[in-house]
Amino acid sequence: AHQWRGVIREYADRLPVTEATKVITLGEGGTPLVHAQKLSELTGSEVYLKVEGMNPTGSFKDRGMTMAMTAAVEAGAKAVVCASTGNTSASAAAYATAAGLKCAVLVPEGKISMGKLSQAIAHGATLLQVDGNFDNCLDIARKLGEAYPVFLVNSVNPARIQGQKTGAFEVVDTLGDAPDIHVLPVGNAGNISAYWKGYKEYSAPFETTNGTLPAVSTKTPVMWGFQAAGAAPFVAGHPITEPDTIATAIRIGNPASWETAVAARDESGGLIEAVTDDEILAAHRWLSAKEGVFVEPGSAAGVAGLIKKHAAGEVPSGKTIVITVTGHGLKDPQWALRTEDGSDVQPVKVPNDVVTVAAELGLEEN
Ligand code: F0G
């Protein structure tokens, strides 16, 4: 029986590794590309969800972390550090455990979900809650990486982008060609940069040390990125000092991969726009209730963007559209327990009795 071997071994000829590389993996990648029936009906295009919550720690970060941790071991590091809105810290903590390295994570105090916090703790990371936002945390992490004996595993480390580009490879390998449009949430802007790199590399001959690989796809997609309206520096055209959104994963005002994200947008003929928290939560509900896919709020920003563009008459029909949904709903489940008007969902309590339960369900005895 064949098991998926993780993104480094599956795509070794397209990643900066050699036969001698000691690969640190938890079997990441190989995630499902799910046909989104209701979004397809809505738009008249074939819409697919790249469900990245199915990665080992529940987010797309694992694709980059297998590469970053492999690079850390290769460099002889003893400890790694990252700043995070939660998912990177969960992934770093798990992969550091697999690598036998110490891990320190810096997170903005009070602004990361319980699921992500508990993952970092469970995997034995030293977790520091910084009195500041993600951008402040990343500043400190970068300085630690430069001036102290710790290896930085944020996406400013190019190994992370290399690993994350495999998301694009998998989409093309599954569909047989690149989609027409690729949609995804944008925070620190590593992922949009990584997908664009992956799509470009797959659409042209690729030089390796063992020769040239032929192009796999005939085209590249148009890249559509969506930010939370309260944390939308690409829409503003400059960093935001006080980013705010309920989608804590993408609560970022000063994205590290600024130039490469702008290049992805412009070279692809795409866009980076904003969606409000209400639009994000509506898309979150749509995915859960209409498609059967449970994501965290930040992950719904891409879907929110597609729905918004459709309402504006700006989504073409008859195309193939892929949306990366970046993290699992169980990371931050509280949002599912709110109704549209913001009140809490109260589970109905019933006595231990079949007749009352049946009555509560509106069932009549047959
Ligand atoms: N979606 C989720 C669930 C995320 O956790 C992130 C980023 C993004 C989207 C945005 O991706 O930063 O590459 O543009 N999370 C980082 C973290 C910042 O620390 O976990 P990006």
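Okay everyone, this is a quick walk around the ligand in this structure.

Before I start, what we have is a predicted model, where local features need pLDDT of at least 70, side-chain atom pairs count only at pLDDT 80 or more, and totals for chains, interfaces and linings use all residues. Residues are numbered from 1 along each chain as its sequence is written, and side-chain values use heavy atoms, with hydrogens and water left out.

So, who surrounds the ligand? There are 19 residues around it, and Ser84, Gly187, Asn188, Ala189 and Thr326 come nearest; being near takes a heavy atom within 4 Å. By type, that shell has 11 polar, 6 nonpolar and 2 charged residues, with Gly counted as polar.

Where does the shell come from? Domain 1 (7-59 + 160-337) and domain 2 (61-155) each give at least three residues to it, the bounds being from an automatic or database domain assignment. Helix H4 (87-99) and helix H9 (190-202) each put in at least two; helices here are DSSP runs (H or I) of at least four residues, numbered from the N terminus.

Now some distances to ligand oxygen atoms. Ser84 gets a polar side-chain atom to 2.7 Å from one. With Ala189, a backbone N or O atom is 2.7 Å from a ligand oxygen. For Thr88, a polar backbone atom sits 2.8 Å from one. On its own the ligand exposes 470 Å², and the protein buries 98% of that, by the Shrake-Rupley method with a 1.4 Å probe.

Note on methods:
Polar contact = N/O pair within 3.5 Å; in protein donor to acceptor, adjacent residues only side chain to side chain.
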